[in-house]
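Dear colleague,

Please find the structure below, handed over for your use. My notes on what was found in it follow directly after.

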Amino acid sequence: MNSRALFIRTSPRDPVVSRDGRPFGSFPGARMKSLQWVLPSALAGSFRTMLGKLAGGFRGENTSELIQFLRDCSIQGGFPVVDNCLYLPTPRDLLKIDRSSDVNKSENSIYRLQRPIKEWRSGEGMDLSFAGGATLLPVLPEVHEGEKEDYKSDPLPDFMSFEAMIQHLSEPENVGVFFNKINHFLKGPQEDRRFHVKIKGEQGAAEDGMLFSSSALDFGILQEKENGIGREWESMQLALRVVESEKSAGDQVEKNIRSLFPESGNEVIHPLGGERRIAGWKEDGGLSKHWKCPDKIRESLQALKNTEEKCIRMILASPALFDDGWKPGWLQLPKDKIKNSTIYYEGSPPGAPDSLQLRLIGAIMDRWKPVSGWSLEEGKTGAKPVRRMVPAGSVYFFQVIKGNPGDLANLWLESVSDQAQDQRDGFGLSLWGIY
Amino acid sequence: MKANPQSFLFAVHVGPVQDFIVAARRTKDLWAGSRMLSQISLSVAHALKNEGAELIFPCLPEGLEERHSNAEADSNETIGVANVIISIVSTGQEIPEINTWAQVARSAADNRWREFVAYAEKIASVNGVRDKIQFSNLSIIREDLWKQQLDGVVELYCAWVPLEKNASLDWQDYAKQRTRLMQILNGRKNLKDFLPNSINVDGIPKSSLDGARESVLLKDAYKILQGESQIDNGSEKRGTGALRSLLKLAQGEQLDLVGFVKRAQDMKFVSVSQVAAIPWMLVAQERCKEEWALLMEKGKRLQGKGIEMFAPIRSSNGKIEALFPFDAELLYKNRHSVIDSRYLDPKTNSYSDRSSEEALHEFIPLLVPLKHEIGEPSPYLAILQADGDRMGKLLQQMESPDEHRRISEALAQFSQDARKLLQKQYGECIYAGGDDVLGLVPLTKVLEVSSKLHDLFSQILKTPIEEIAKKRNNNTEIETPTLSVGIAIAHSLTPLEELRQYAREAEKKAKNPTMPSEGDERNGFSIVMHPRSGSIYGFRARWSDSDSIANHSEEIVSAFDQLSHICEWFRRALLSRGIAYDFQELARLHKGWDAKNSKDALRNEMELILKRKKVPIIDSLIDEQGQRQQKYPSEYGILQRILNGIHSAQDLERFAVLLRIAMELVPSFERERFEKNRKSEVAS
């Protein structure tokens, strides 16, 4: 574990404004829409601003050095924590068939794993728009004997517990049994919608037609207790890891995060997201265990060393930005491809030894999501351009073609995004396991 | 070398639904997006057919030619094409590889999209002229972003499986191969690959429709459209009203390329407030003939003078155009200040256009006698979304392309008839294709439309299914699918994306019951009311209602029939509105009581409420023999049967919701007519 890492628990006091890119101004009927979760860049931006203020603010002589220092710090995470349990985005390779309205049901839902087919049957296939001639196999639900073949997934809750993720990644064959037993899921925050009017200054009355609405994420949730007993309000918090830059901050900025941040237990109050909505930020070393690959997964990855087919999965725990859009830039077609032979994307993820080579077999992902934002940096103030993210929960299926699969355990919750700044902003955090 | 001919079952999925349909702020966005997606799918189907593919789904009726030349809406357009196309294709000498078929589909989709863009570009550019209408003499778009966003908008996913003929030249294992094809297509849809943005420009606002792309509008586009003069290349220029009314750009609104192309389409679709006002218009036209005629005459005269706010509305439904050819906002008192603000100069607080001011002042006073007689129009309307039940299961049972094609034909027929059905009842059909229908319907017509739509669906599918089963000669039973209909009632000022969401939720509710009293899944209908202020309420029931609201009684009145009867009774003033709230309160009081023991008490209290409210439906008369007789025996009988079915507080709560929904479906101006008649009847 990096000694320069700090683990933070963020407790939103107000509903958090996590706006999408739609313009919002003082026009009649303007509506502010919220995303369903906080973007990594919004969380990183809020945290860096807070650190900057703790370091003395952005008006001094050394502002540019300070900004560079802050930008070099990695701020990663923003995972929900409820009742001391950490949750991660539900992966898209889990399939749920809701049977709650079926009278002959033996259980409320059936859970299945979706994985790439073993091989194409003769003559069948699919087109790939942006695969550059590489082969990819479709990812389909597992079908047990005697079952119908065209399962479609019912919507899954937004998050699943850390424990469930361990199970999902280390014992894929038992997914169906495991998920049926206990509810491991968590819904995202509720939408808090407010209506606003414009007040005429001189009269103190509302101005005609000047009606606005805003929405935000309410982190207070109603917990339905097990066994039908009790319903109570819990607050959802956010867990994040901050890793200090290894570069020096410069002589004039003789600060480091640990000296800036109060001792464990003391909370800093600072806005998170838009509209200056307040959150409490507190160090919590107890969260560090989640950033270490669980032993069960590490062992299952290591055990692949002795198998013929080394099938592994990479789940995105946060949305990823890749140079090639849907595909990580570190996956490339082999340079010496032989005509008419089947070719695959291959490569080694950032942070892994070069000796480890992965081959992309298939992937499952929802449509791209936009990320832009508003720059407050002097000289660059204004709207940032739109970039396209691979959504959190997307899954890439690989085969290890060279090297030790056990090495992947060291990449647990590390970023696989292509650009260093995107990595430091918390995009593309990865979870690894077998399938 | 001669390629070996081979046949495949080939599927294409056309998207994205997000950009074309979900991203919508105005009815126009939704309508144009659905239409564009449908047209792109149609072009793909045509392209495959022209290259020799045998289409299985959709079925393209004879004579339906692809419109290549322009993107203008055709008012006679009666076919909506679902965004999945299934066909049998062959590879051989001419098309040696199956991938070529994917290219055929892709280029057809892309070409159609580019036609839509070219059309929009023509009217948005400098001196944009179409049909002799000058749209602009100053470009309002940023060309760099326009070009950047052109590529990669249409998302196409293709999948295929081999198909072989047996000794008797029939396609072998069709059902099995079709299931496999849909599996692979789902696998393909699971991988939504994309390219990154090619240009990154700072400082550009994002689209107001979904924020997913940069706006292609110039900074001053709104001002140009509002007619403020701009200096271009040293000369002063102004935007034109034609482009303003076409784009309907709100202040501060930004559009990306897809949004702009949607707005630039020639609209043949009315606003939600137009549909909401239809019940009022119909009553006004019938009951206040002279005043109505005066109003229409004045409007048409102002229209003749070319006054913008009286510009003719354009609907795909001629009946709506004929009923009231002006913007229905003119009828709503609380919209007058908004109309004013469009023409008032904020600096001088006077009208920039004197003729508009005069027109408004001549027209609005003519509404006074009408409103005195029948009151204000209701701002609420119904958004209906319907979808076939268990269609996947039905298609799985199709053993040959011919059988499947029979179903496709029936679905094409349904989509055409569904559109006509909606139009007949003054509805505006946003989309009807395959087994899906989405439309706006006036409140007073929605019960009739939804029930007829439900019957139409099963009726149209019944014949081919029976024929298929008969032809097979092996006593196979194929269940005729049903239609679930969701109806959301909402205020016409509700943002459109929410209206669409409400309709989708209502449809989901119609399909899936959330509590046992709502009956089995599918074959359902639901009505959900979204008041402008107050909480949402609604109910769900099955169409065939053996398991509906009153499953304890032998004499069941289905929930739908209950609703129809209650609406009728409200209309005839046989029931008073207040009982809904009294019943609701009674249900609240009885909640948690043991239903078995409190059943009689509940019934007695319901009767007591009806007596206390003096509802005419329970009135009785003494006949010539001195016997007490019910004044409305048949209505009274039905009411008793309904009440017999209420066994618990939960049943009563549901019934109270039904009463409240019925109140919304019968606006006050419809009721008053009968109340007045009744009063005069009593007086005489």
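I begin with a detail of strand pairing in chain A: Gly347(A) has Leu358(A) as its bridge partner, in S20(A). Please bear in mind throughout that this is a predicted model.

The pairing just mentioned belongs to S19(A) and S20(A), which run antiparallel to each other over 2 bridges. Both are part of an open sheet of 5 strands in chain A, with antiparallel pairing and the order S19-S20-S25-S18-S26. At its edges lie strand S19 (346-347) and strand S26 (430-434) of chain A, each of which pairs on one side only.

I turn next to the interface. Chain A contributes 53 residues to the contact, and chain B likewise contributes 53 residues. Between them the two chains bury about 4800 Å², of which 52% is on carbon and sulfur atoms. On the side of chain A, the residues that lose the most area to chain B are Asp127(A), Arg367(A) and Arg388(A), which together account for 15% of what that side buries.

As for polar interactions, there are 9 salt bridges between chain A and chain B. One of them joins Arg31(A) to Glu497(B), with 3.0 Å between the closest N and O atoms. In addition, 22 residue pairs are in polar contact across this interface, counting pairs in which both residues are at pLDDT 80 or more.

Which elements give two or more residues to the side of chain A that touches chain B? They are strand S7 (125-126), strand S8 (139-141), strand S20 (357-364) and strand S24 (387-389) of chain A. S24(A) gives the most, with 3 residues. By residue class, this side of chain A comprises 24 nonpolar, 9 polar and 20 charged residues.

Strand pairing also crosses from one chain to the other. S7(A) pairs with strand S6 (residues 155-163) of chain B in the antiparallel sense, over 2 bridges. Within this pairing, Met126(A) stands opposite Ala159(B) of S6(B).

Finally, a word on aromatic residues. Over all chains, the structure holds 30 aromatic pairs. Among them is the tilted pair of Phe79(A) and Trp291(A), at 6.0 Å centre to centre and with 40° between the planes. Phe79(A) is in strand S3 (residues 74-82) of chain A, whereas Trp291(A) is in the loop between strand S17 (278-283) and helix H6 (295-303) of chain A, so this pair ties together parts that are 212 residues apart in sequence.

With kind regards

How values were computed:
Residues are numbered from 1 along each chain as its sequence is written. Chains are lettered from A and ligands numbered from 1 in the order in which they are written. This is a predicted model: local features need pLDDT of at least 70, side-chain atom pairs count only at pLDDT 80 or more; totals for chains, interfaces and linings use all residues. Side-chain values use heavy atoms; hydrogens and water are left out. Contact means heavy atoms within 4.5 Å. Buried area is the accessible area (1.4 Å probe) that two parts lose on being put together, summed over both. A salt bridge is a side-chain nitrogen of Lys or Arg within 4 Å of a carboxyl oxygen of Asp or Glu. A polar contact is a pair of N or O atoms within 3.5 Å; within protein, one must be able to donate a hydrogen and the other to accept it, and residues adjacent in sequence count only if both atoms are side-chain atoms. Helices (H or I, at least four residues) and strands (E, at least two) are DSSP runs, numbered from the N terminus. Ala, Val, Leu, Ile, Met, Phe, Trp, Tyr, Cys and Pro count as nonpolar, Asp, Glu, Lys and Arg as charged, and the others, Gly among them, as polar. Two strands pair if DSSP finds at least two bridges between them. Rings of Phe, Tyr and Trp (its six-membered ring) pair if their centres lie within 6.5 Å; planes under 30 degrees apart count as stacked, over 60 as edge-to-face and the rest as tilted.
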